[in-house]
Amino acid sequence: MPEPVPLILSAVLDAPVQRRLDALRRMHFPPDRNHLDAHVTLFHHLPGTEEDAVTEAVDEAVRGCPAPPVDLTRVRSLGRGVAVTLASPGLAAIRTGLAQRWGSWLTAQDCTKRDLHVTVQNKVTAQEARALLAELTGEFVAERTRAVALALWRYRGGPWEPVARFGFAGEERGLPDGSASRTPGSSSGTRGTDTGSRA
């Protein structure tokens with residue numbers, strides 16, 4: 001019997017900001033590599049064998065918790081891409097608490113992750129990335145939004161398969177809507193339960 005595929009945990013932003021970030025990603029991410037909407041990855045690789053425990057922990061983390069404010073602060077270079085940097089003490093605290101709970105499960109990438117960001121371009125030349133960074137820096141306006149939910153996904157080598165959506169207080173819960181390949185930022189849905197890249 002094959003081992004369960006890894007799990008990814010992301011944060012879901014408020015719909016208006018999500019739509020703008022989706023549009024940026026569609027415009028600038030190489031189309032043949034772009035299987036996902038814009039997303040805020042909190043954990044890149046959680047063990048699929050521990051899905052029930054992961055689900056229980058995430059549910060506890062958001063239960064009764066108001067939607068954390070999230071500030072879009074600047075754009076920054078990824079070397080061969082560009083990301084929008086986020087600041088959210090509330091979301092960071094939730095991530096830290098989960099990381100402490102899951103310490104023995106975490107990969108090196110998840111152990112050392114400190115920043116929150118949304119990748120709008122990746123897998124391009126350094127020259128293309130510098131050009132976009134200059135363009136977006138010139139027009140960037142800082143703003144505040146909210147993380148309305150956390151979303152759990154199964155990673156299947158490209159598209160993400162939705163598992164559950166955990167809404168903060170007053171927000172919806174359940175499965176993210178839409179196709180598995182385009183919904184990291186979906187807003188909607190009671191829990192019923194990029195090619196080779198998780199960028």
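The exercises below, each followed by a worked solution, concern a predicted model of a protein.

**Exercise 1. Find how many helices and strands the protein has, and in which pattern they follow one another along the sequence.**

Begin with the count: the secondary structure comes to 5 helices and 7 strands. Next, read along the sequence, where these elements follow the pattern β-α-β-α-β-β-α-α-β-α-β-β. To complete the overview, note that the protein has 199 residues, of which 49% count as buried.

**Exercise 2. Work out which strands pair with strand E6, and in which sense.**

Start with strand E1, residues 7-13, which pairs with E6, residues 143-155, in the antiparallel sense over 7 bridges; within this pairing, Val 12 stands opposite Ala 149 of E6. Go on to strand E3, residues 69-77, which also pairs with E6 in the antiparallel sense, over 4 bridges, and here Leu 72 is the residue that stands opposite Glu 143. Finally, take strand E7, residues 160-167, whose pairing with E6 is antiparallel over 7 bridges, with Leu 152 of E6 opposite Ala 164 of E7. E6 and E7 form a hairpin with 4 residues between them, and Gly 157, in the turn, has a positive phi of about 90°.

**Exercise 3. Decide whether Cys 65 is buried, partly exposed or exposed, and describe its surroundings.**

First locate the residue: Cys 65 lies in the loop between helix H2, residues 51-62, and E3. Its relative accessible area is 21%, and because buried means under 20% and exposed means over 50%, Cys 65 counts as partly exposed. Then look for its contacts, leaving aside the neighbours within four places in sequence, and you find Ile 94, Phe 168 and Ala 169. With Ala 169 the separation along the chain is 104 residues, yet the C-alpha atoms of Cys 65 and Ala 169 are separated by 5.3 Å.

**Exercise 4. Decide whether Leu 132 is buried or exposed, and name the residues it touches.**

The residue lies in helix H5, which runs over residues 126-139. Its relative accessibility is 3%, and since the cut-off for buried is under 20%, Leu 132 counts as buried. Not counting residues up to four places away in sequence, Leu 132 touches His 28, Val 82 and Gln 121.

**Exercise 5. Describe how helices H2 and H3 are placed against each other, and which residues make the contact.**

Two packed helices are described by the angle between their axes and the distance between the axes, so both values are needed. The axes of H2 and H3, residues 89-101, come within 11 Å and cross at roughly 150°, and the crossing is right-handed. The contact is made on the H2 side by Ala 57, Val 58, Glu 60 and Ala 61, and on the H3 side by Ile 94, Leu 98 and Arg 101. Sorted by class, this contact has 5 nonpolar, no polar and 2 charged residues.

**Exercise 6. State how many residues the largest nonpolar core has, and follow the contacts of Phe 43.**

The largest nonpolar core has 40 residues, and those with the most contacts inside it are Leu 9, Leu 42, Phe 43, Trp 102 and Leu 150. Not counting residues up to four places away in sequence, Phe 43 touches several residues, including Leu 7, Ile 8, Leu 9, Leu 98 and Trp 102. Apart from the largest core lies another core, of 9 residues, among them Val 12, Ala 149, Tyr 155 and Trp 160. Compare this with Exercise 2, where Val 12 was found opposite Ala 149 in E6.

Note on methods. Residues numbered from 1 in each chain as written. Predicted model: local features only at pLDDT ≥ 70, side-chain atom pairs only at ≥ 80, totals over all residues. Heavy atoms only, no water. Pairing = 2+ DSSP bridges. Helix = DSSP H or I, 4+ residues; strand = E, 2+ residues; numbered from the N terminus. Buried < 20%, exposed > 50% of the residue type's maximum accessible area, 1.4 Å probe, protein only. Contact = heavy atoms within 4.5 Å. Axes fitted to C-alpha atoms, helices over the stretch in contact; angles between N-to-C directions. Left-handed = near helix turned anticlockwise from the far one by under 90°. Nonpolar A, V, L, I, M, F, W, Y, C, P; charged D, E, K, R; others polar. Core = buried A, V, L, I, M, F, W, Y, C linked by side-chain atoms within 4.5 Å.
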